[in-house]
Structure formats: structure tokens, C-alpha cells
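This report describes a structure with more than one chain. Please look at the sequence and the model shown here before reading on.

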Amino acid sequence: MTAATDYTLAELCIVAASQAFANEGEVLATGIGVVPRLAASLAMKTSNPDLMMTDSEAWMLSEPNPLGARPADFVPATESWMGFSRIFDNVWSGRRHAMLGPTQIDRFGQSNTSALGGTYEKPKTMMLGARGFPGNSISHPNSFFVPAHNTRVFMDGECDFVSSIGYNPARLPKGHSLDDVDIRLVITNLCVMDFGGPDHQVRLVSLHPGVTVEEVQENTAYPIHVPDDVPVTTAPTTEQLAVIAALDPHNQRAYQIKDNPPGNRA
Amino acid sequence: MNKQMTAAQVVAQLEDGMTIGIGGWGPRRKPMALVREVLRSDLKDLTIVAYGGADVGMLCAAGKVKKVVFAFVSLDFIPLEPYFRQARQSGSIEVMEIDEGMMLLGLRAASWGIPYIPTEVGLGTDVINKNPDIKVIDSPYDDKEWVAMPALKLDVSLIHVDRADERGVCQIAGPDFYMDDWFARAAAKTFVSCDELVDTSFFHDPAQARLVHWERSVTTGVVPIPGGAHPSSCTPLYGFDVPHFKAYAASAKEESGFQGYVDKFLGASEEEYQKNVGGLDAIRAIALPTY
């Protein structure tokens, strides 16, 4: 294993995000969007071959599909049918880890995919809707990927619409404990965080090369728990970069973070 | 029993204020020809239940909709449905916003004739807080509270399938039948458009019969409309029409708006519509999407 010196920020994020799936055992890994999908695929190809994955349509695969157009003679490694209704049987069993990119994430780890501003009856900006976030968040572990870490995403106050449950005591359902909520990693263009601070406060896990604690805090509207010793996010290995390149032959990863900066900004 | 009918005969059975379920998922296998026939009618005040795409957007834009029951409305590669967005942002529709899986449970409850299905899904989120009609209840078996997802009873469901016979045996040959079996069962009447009308003997091959997902007693009427899912996909027959959806989305930013789209494409009949979008051969030639 050789640490690479030349890698993009997207590749750094993919490798950091793949850590979310490394110790999950035999669960369905769902990465929505290019970086999360490559992160799940990288984990399946390297750290956790027991992961399960779909083709984003209706089949389960024993090997992740490369992204984008594939050669005419490409044969997907299909292993079973997995239509959308069956996805929910899996979700509600808890044997899944999803990584998604909501528009807002508040200090409780609650997220918003639905509507911004105005009133609920007449929002200023209508987005996707709650989608599967309520069910995902109460059923299985979830991680987030945020390509642009700023105070509009990590915002002041509570999400305009709470799509997914977080560590908010005021919303805790009867008979549940906050430990039932399982938000894992938050990977951004600046750092990796989790909710492992005191009382589930958001906590800095690692800083991407060249990023400071102050920069992360300035771009987060709520206080971040900063441990005494915050490591630098581990650089990809040349082996990992080769796997990523094979999974993303059209280099879609170059378009996921603004201006596709290098991974080391020191 | 011969259940074959026309799209106009389907719409003649719909009434103002009805709750209508629409099968498919986002830009995939939507009964768009039946939706277009609704657009040509004077129906109004509909409640639409759907995993929504342009079906929901078009009905909202045409002023047919009082309320939308949804988890998302999206064209996938165009994430935000332009006319649903306009309807929400102008406050012109009521909504019941729920989780994707809650919709499945609501359709199952309606299909099974039970008032609700208990679930954890929705707890701690605004799909409960913004929906006073969805109750949270105690369990007789534990000390937790549970969401009582109410039955989503439908007056009518509209579904598009690959093939059907005149008795209402319906085949979905694509990789996913989404929740269409539950839409079919949850409705008092289910009308199905099909790309191909086949003889009953077609299903004597078990490999074909295996792709039938509900009993024919659930199907009220069958409308043969080749290409009837356009501009959504009907995999494996045709993909979704990316340029058409782009033109549709762009129309929302033009001054003529949805009326401009209608004037350009809708026509007085499905024949006219298909002529306006390049004909059935062009629809059937649309490549399947790669995910």
C-alpha cells in the first residue's frame, strides 16, 4: 500500500467516505450520487467484500457496476432481483447503510430534502420531498456527503423541514433513546465529522490536508466539538486510486466538487 | 369478460374530487396517455397519490389538482419537477408529504381493508408534524409509540403495462413493477393502458405468466395504447425521452409556460400527440437509460 501524493479532493472524499462501509459486514450499501456510490463501490472492492449493492434500478450485484455508459458487451454481475418494494423490506430490517446528500443538516443531525423558506403551505423553494429519509433514519445507519461545506447546509436553528430524525431530545419518540438514532460519518469538502461529541454534538474526526479547524467552524453555524488531537484525513493509496479509476472510467468524480481541487491544499 | 375500452371511456368514469393513484416511479412507466386524456377533460379537484413525475407536474399545471399525496416528485435526471415546484411555491395545492415506504404501507392497508399499519417510519420527523391526520399511537405489545400509517384508499388507479389481454391479465416485463400491484389493489377501479394487447394464450408460457403481478379481477379496464408511457420509459420497450423532458422543464421558464407545452404537444387525441413527438417508431427507438 503506497500513499499517493497526487490525488483530487473528490478522490480523498471517496476514500474517506468508503470508511463508513468498511466495518459494516453484510449490509446493503446505498450511495446516492457519484461520490457516495464510488465510496460504497470502493469499500465493496477492497475493505468489505461482503457488502451488498444494487444497480440503482432493480437488480442486486455481486460486483459494483462502473459509472456511466458501459461497453455493449458489458455483463453486470447480477445476483438477485431487488425491486423498489423489496428495498423497503431490507430498509426496515436494518441491514443497510445509506449515504446521501441532504440540502440542510442542523446541529441535531436532522436533515432536510424537502422545502426551504416561506411557509410549509407555500415554501420559497420546493425541493424533492421527504423521499425515503424518514424511514432510512429510524431504521438503519446513515452517513452524509456534502460537497460544499457552508453555513447554508450546516445552518443555524432547526431544518426548515425535518426529513430525517436526528439527536433532538424535543423530537424523541416515546420509548426510544437518542442512541437508537445512528448517524455515522459526515464527509465534506473540508473535513470528516460525526456526532460523537458530548450529548451527540457534532465532532471533528479529521481535517482534509491544508484545512484548519477555524475554517471548518466558520463554515458551520453551530459549535463543533474539537478533540485535542485531530488527525489529517488519510490520503488515498495508489491502489485505491486505481480501483476508483476503474469504477469511474468517464471521470464523473471530477465534476462533484466545485473546480475539482487537489486533495492536498496545504 | 372483455374489458377493452378507450382512454375517453376511462376518463368518463372519473369525477371531480376523486382520489386517483398513478403507477410508475418518477420518469418511469407512467400511464401518460391516460394522464393526457385527463388533461383534455374538464375534471378538477383531484387528489393524486403517486411516486410522482411529470404525471403530477402536468396535472398540477393544468389546474386539475386539489391535493397531492407524495414522497417525492422528480424526473430523476432533472431532480426537481418544474410544475409541481411552481404549484407548491404558489401555495395552490394541498399536500400530504410522506416517506416512500409509508406510501407503500398506506396502499397495502387500503388493499387489505385495514385502517392503518403501524410503523416506526416517520417518527421524529415533519412527515408526522405537518400531517395532523397521521396519528401516533401506543402499542398493546410494548411501551413505544408507533406511526399509524392510514390506508390510502383510492377511487381509481391508472397504470401502464407492457402487455395485457382483453380480460385484464397485465404483464410488466421491465425489471421493476414498482408499487403498481399495490396501486391496483388499493383502488375501487383500476384502469390499465398497455403497449401491446395480446391473446390470452400468450400467458400460457409460464415465463410470461411469471411477469403478471396481480389477478385480472383487480383490473377494471384495459386500454391498448402503444407508446402510451411516453415521455416516461417502458423498459424494455423504450427509455424515457430526455430531450422531451428537457423541453418540458424549459417550458416552465418561458412566458407561455405550460400552455406553450400543451399547444405544442398535447393535441386533441393520442394520435395527434404521437405525431407531435415524432411518431410511435421514434418513441420505440428511445434508448434505455444507464444507471
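In chain B, helix H2 (residues 32–39) and helix H3 (residues 54–61) pack with their axes 10 Å apart, at an angle of about 5°. H2(B) is therefore roughly parallel to H3(B), a label given to angles under 35 degrees. Axes are lines fitted to C-alpha atoms, for helices over the stretch in contact, and angles run from 0 to 180 degrees between N-to-C directions. Helices (H or I, at least four residues) and strands (E, at least two) are DSSP runs, numbered from the N terminus.

This is a predicted model, in which local features need pLDDT of at least 70 and side-chain atom pairs count only at pLDDT 80 or more, while totals for chains, interfaces and linings use all residues. Residues are numbered from 1 along each chain as its sequence is written, and chains are lettered from A and ligands numbered from 1 in the order in which they are written.

A second helix pair lies in chain A: the axes of H2 (residues 34–45) and H6 (residues 238–247) come within 10 Å and cross at roughly 120°. That angle makes H2(A) oblique to H6(A), the class left over once angles under 35, over 145 and 65 to 115 degrees are set aside. The residues that meet in the two pairs are listed below; residues are in contact if their C-beta atoms, placed from the backbone, lie within 7 Å.

| First helix | Second helix |
|---|---|
| H2(B): Met32(B), Val35(B), Val38(B), Leu39(B) | H3(B): Asp55(B), Met58(B), Leu59(B) |
| H2(A): Leu38(A), Ser41(A), Leu42(A), Lys45(A) | H6(A): Gln240(A), Val243(A), Ile244(A), Leu247(A) |

By class, the contact of H2(A) with H6(A) has five nonpolar, two polar and one charged residues. For H2(B) with H3(B) the counts are six nonpolar, no polar and one charged. Ala, Val, Leu, Ile, Met, Phe, Trp, Tyr, Cys and Pro count as nonpolar, Asp, Glu, Lys and Arg as charged, and the others, Gly among them, as polar.

Chain B as a whole has twelve helices and eleven strands. Its C-alpha trace spans about 60 × 55 × 40 Å along its principal axes. Of the 291 residues of chain B, 54% count as buried, with 20 or more other C-beta atoms within 10 Å of their own.

The two chains also touch: 41 residues of chain A are in contact with 38 residues of chain B. On the chain A side, helix H3 (84–93), strand S9 (123–126) and helix H4 (133–139) each give two or more residues.

How values were computed:
Buried ≥ 20, exposed ≤ 12 C-beta atoms within 10 Å, placed from the backbone.
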